[in-house]
Amino acid sequence: MKITRRMWGMAAGAVLALNLGLPAAQAAEEAPDALVKRVSADVLETIKKDASLRNGDSSKINALVNEKVMPYVDFRRMTSAAVGPAWRQATPEQRQKLQDEFKALLIRTYAGALSQVGDQTITVKPVRMAAGDTDVLVRTQVNGRGDPVQLDFRLEKQATGWKLYNFNVLGVWLVETYRNQFAQEINANGIDGLIKTLASRSSMPATATK
């Protein structure tokens, strides 16, 4: 099934919803599925009411991500996994640039998709986990106009609480998708070539394919 603009919009709202919640001390004690279930409805409602977010105001989306999302994402792990083996050969400066440009690209993707957030609701399925588990899969279903959209999250338990490091829409995992794209660019033009390509893509107008 093709992932449409509407589906990305539903996913974008849900991903933001996942990462907005309690202060760090409280979030550290909250189960991953409970975190997703509790905050998703409130945040989706915020997006629905904020026309500037839905219209792709990049500065407002960037501020929202920096303040509310990034503290709950292991973005270094997400970026390194997307870059693949070449990450180990990258300099500290290159690694920071990769993180910055990858983040900008994802924000641009959100900006193009948030206009599709409408009357969605999220059903969170209970997580099957044993005591001591530190890596879990949280399965959800986003319901709105049209067919329900499967949206799954991978989270790791860290000292400050659960951290998101990958997610998928209808079985398409974000990190693996970008890893294939990044590998082709790295093979052709190296790490600096990938950084340049990401910078050019993230600076393009925020649009999404229908």
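Here are a few notes on this predicted model, going from a strand to the core and then to one charged residue.

1. Start with strand β1, residues 121-124, and look at which way its side chains go. They alternate: I122 and V124 face one way and are buried, while T121 and T123 face the other way and are not buried.

2. Now find the partner of β1. That's β2, residues 135-143, and the two strands run antiparallel, paired over four bridges. If you want a spot to check by eye, T123 sits opposite Q141 of β2.

3. Next, the largest nonpolar core, which has 36 residues. The members touching the most other members are M78, V83, L98, F102, V138, Y178 and F182. Several elements give two or more residues to this core, among them β1 and β2 from above, the helices α3 (32-49) and α7 (92-113), and the strands β3 (149-158) and β4 (161-169). Helix α8 gives the most, with nine residues. As a rule of thumb, nonpolar side chains in soluble globular proteins tend to be buried together.

4. Zoom in on F182 for a moment. Setting aside residues up to four places away in sequence, F182 touches A82, V83, F102, L194 and L198.

5. Last, have a look at E185, which is in helix α8. Where is the nearest side chain of opposite charge? It belongs to R201, 7.7 Å away, and E185 has no salt bridge even though E185 is buried. A salt bridge here would need the charged atoms within 4 Å. Leaving out neighbours within four places in sequence, the contacts of E185 are G190, G193, L194 and T197. Notice that L194 turns up in the contacts of F182 and also in those of E185.

How values were computed
Residues are numbered from 1 along each chain as its sequence is written. This is a predicted model: local features need pLDDT of at least 70, side-chain atom pairs count only at pLDDT 80 or more; totals for chains, interfaces and linings use all residues. Side-chain values use heavy atoms; hydrogens and water are left out. Buried means under 20% relative accessible area, exposed over 50%, partly exposed in between (1.4 Å probe, protein chains only). Two strands pair if DSSP finds at least two bridges between them. A nonpolar core is a set of buried Ala, Val, Leu, Ile, Met, Phe, Trp, Tyr and Cys residues joined through side-chain atoms within 4.5 Å. Contact means heavy atoms within 4.5 Å. Lys and Arg count as positive and Asp and Glu as negative; His and the chain ends are not counted.
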